[in-house]
Amino acid sequence: MSAGESPLTETTRRVLSTPREAGTPEASEARAVVLSYLTQLGYRVTLQKFSFTPASLRAFPLFGAGLGGLALVLLPFFASTVLPGWAALAVWMTGVAALSSVVAGAGLGWVPLGDALREDANLLATRGDQPPRRWIVAHLDTKAQGHSMAGRLVAVWVTALSVVVLTVLAFLRLRAPLPWAAMLPALALAMLAGALAGRGRLRGRSHGARDNGSGIAAALQAAASTADPRIGILITGAEEFGLVGARVFARASGRLEGTEFVNLDTLDQEGTLFLVSHDARGTKLAAALEPRLGDLGLPLRRRRLPLGIFVDSAPLSRTGGAAMTIGRLTWNTLRRIHTPADTADGLSLELAQRVGRAVAQIDL
C-alpha cells in the first residue's frame, strides 16, 4: 500500500490497473484482491464458480452475417414474376427463425462454436445468517471489441432497421413483384448491418475503468459504508459474455420475492445519473431510491433499458425481486467503453463512491 493510501483506494487502484477479461488469470487476480478487501471488512465471502463459453460474443456478428445472406437469397423471390407472392415471405420468416435459433444458442452458451470453456466466478459477500434483503451488485470483468459500445448501439439500430425493411418488402411482395429500386437499397442496408455487427468480435484488451471499474469502486464503498446484515455485496463475473454470472446467481437462488438488487454499472464523472428498471417492481425500487440519489445534486432520470445494452439487473429481475441499474454516462463514455481507451487516466471515482455510499445507507 502506498503511503497515505486507504485500503479502499489501494484495492480500487489494483483492480483498475489491469484488464480483467472473464476467465483469464488477470480476472482471477482482481477477484482475489476484491475478496481480500471484503473479508477484511468482516464479510463472509462465498465463491460461486461456473463455466462459460466466449462464443456468446459471436452471436451478434453471426446474426449480421446471416441477415446479409438472407437478403441476397430474397432478391430473386422479390423480383420473380413466376414464383408465388407468398414464397418471399415464407423464405424470410423461415430464415429469420432458423437464424435466430442459432444465434440464441450461441448467445446463451448452448452452442460453443468451437471455443474452449472458461472458468469464472461470482463473489457473494454477506454479514448475517439470513439472506440479504438488498444486494448491491457490480460486475468485475472487462472486454475489448472491434467497436465501442457506441459502435455496437449503431450496429444494433441499423440491424433492427434492416429487419423491419426486409419484413415490409416481404409483405409487399404478396401484392406484386418488387422493383429493383426498392430491393437494392434494402440489400445495401442489410450488408451494412452485417459489416457493423461483424466488428463485435473480441479484439485487444481493455482496463475497463468506467465499465466497470467505477461500479466496483461504488460497490466496495457501499460495503465499507454499512454493517447492516440485511445488505450483501454481489460481484458478478462474465457479465460481458452474456450476463453469465448474474444468470448463474439467479438460477441458483430461485425465487427471491422481497429482495432488492441495486446494480452499479458505469458511473462516469459526467452525464445524467440513470435509474434503469425492467418491470414494475424495479420501477418502484427506482422511485424509492430517487429522492436520496437526488441529494447528490446531479441530473437524474428514470428510464427503461435501451435497445442494444445489457445489464445484470435484467436476469436478476426474473427472480421475483426488485432489480434496477444505476449508471452515469454520455455518448463520449459509450465511445470509450469496450475499447483500450477505457483507462483510469483522468478519471475521477468521487461520484462512484458517493453513489455507493448512498445506496448502502438508504433505508430498506
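The exercises below work through the sheet, two helices and several salt bridges of this structure, each with a stepwise solution.

The model is a predicted one, in which local features need pLDDT of at least 70 and side-chain atom pairs count only at pLDDT 80 or more, while totals for chains, interfaces and linings use all residues. Residues are numbered from 1 along each chain as its sequence is written, and side-chain values use heavy atoms, with hydrogens and water left out.

**Exercise 1. Determine the strand order of the open sheet and identify its edge strands.**

Step 1. Helices (H or I, at least four residues) and strands (E, at least two) are DSSP runs numbered from the N terminus, and two strands pair if DSSP finds at least two bridges between them.

Step 2. The eight strands of the open sheet follow the order S1-S2-S4-S3-S5-S8-S6-S7, and their pairing is mixed.

Step 3. Strand S1 (44-52) and S7 each pair on one side only, and these are the edge strands.

Step 4. On average, and with direction ignored, neighbouring strands of this sheet are turned by 20 degrees against each other; axes here are lines fitted to C-alpha atoms, for helices over the stretch in contact, and angles run from 0 to 180 degrees between N-to-C directions.

Step 5. As an example of the antiparallel sense, strand S6 (residues 272-277) and strand S8 (residues 322-329) pair over six bridges, and Leu273 stands opposite Arg328 in S8.

**Exercise 2. Work out how S4 is paired and whether its residues are buried or exposed.**

Step 1. S2 pairs with S4 in the antiparallel sense over three bridges, with Leu234 of S4 as the bridge partner of Leu124.

Step 2. S3 and S4 run parallel and are joined by six bridges, and Ala138 stands opposite Ile235 in S4.

Step 3. Buried means under 20% relative accessible area, exposed over 50%, and partly exposed in between (1.4 Å probe, protein chains only).

Step 4. Six of the six residues of S4 are buried, so this strand is largely enclosed by the rest of the structure.

Step 5. In a regular strand the side chains alternate between the two faces of the sheet. In S4, Ile231, Ile233 and Ile235 on one side and Gly232, Leu234 and Thr236 on the other are all buried, which leaves both faces covered.

**Exercise 3. Find which helices are in contact with the sheet, and at what angles they run.**

Step 1. Contact means heavy atoms within 4.5 Å.

Step 2. Helix H8 (residues 244-253) packs on the sheet, where it touches S1, strand S2 (118-126), S3, strand S4 (231-236) and S5, and its direction makes about 110 degrees with that of S1.

Step 3. H12 lies across S3, S4, S5, S6 and S8, and runs at about 175 degrees to S5.

Step 4. One residue of helix H12 (residues 350-361) is Arg357, which counts as partly exposed at 33% relative accessibility.

Step 5. Not counting residues up to four places away in sequence, Arg357 touches Gln221 and Ser225; the C-alpha atoms of Arg357 and Ser225 are separated by 5.8 Å, although these residues are 132 residues apart along the chain.

**Exercise 4. Explain why the buried residues of H6 lie on the same side of that helix.**

Step 1. Helix H6 (residues 180-197) has 18 residues and reaches 25 Å from its first C-alpha to its last, close to the 26 Å expected at 1.5 Å a residue, the expected span being 1.5 Å times one less than the number of residues.

Step 2. Its buried residues are Met183, Ala186, Leu187, Leu189, Ala190, Ala193, Gly194 and Ala197.

Step 3. These residues cover an arc of only 165 degrees around the axis, which puts them on the same side of H6; the arc is that of the directions from the helix axis to the C-beta atoms.

Step 4. An α-helix has 3.6 residues a turn, so residues three or four places apart point the same way.

Step 5. The partners against which the buried residues of H6 pack are helix H3 (59-79) and helix H5 (149-172).

**Exercise 5. Locate the salt bridges of Arg134 and Glu290, and describe their surroundings.**

Step 1. A salt bridge is a side-chain nitrogen of Lys or Arg within 4 Å of a carboxyl oxygen of Asp or Glu, and the structure holds twelve of them.

Step 2. The side chains of Arg134 and Glu260 form one (2.8 Å, N to O). Arg134 lies in strand S3 (residues 134-139) and Glu260 in strand S5 (residues 260-267), so the pair ties together parts that are 126 residues apart in sequence. Both Arg134 and Glu260 are buried.

Step 3. Glu290 and Arg302 also meet through their side chains (2.8 Å, N to O). Glu290 lies in helix H9 (residues 280-294) and Arg302 in strand S7 (residues 300-304), so this pair ties together parts that are twelve residues apart in sequence. Glu290 is partly exposed at 25%, and Arg302 is partly exposed at 40%.
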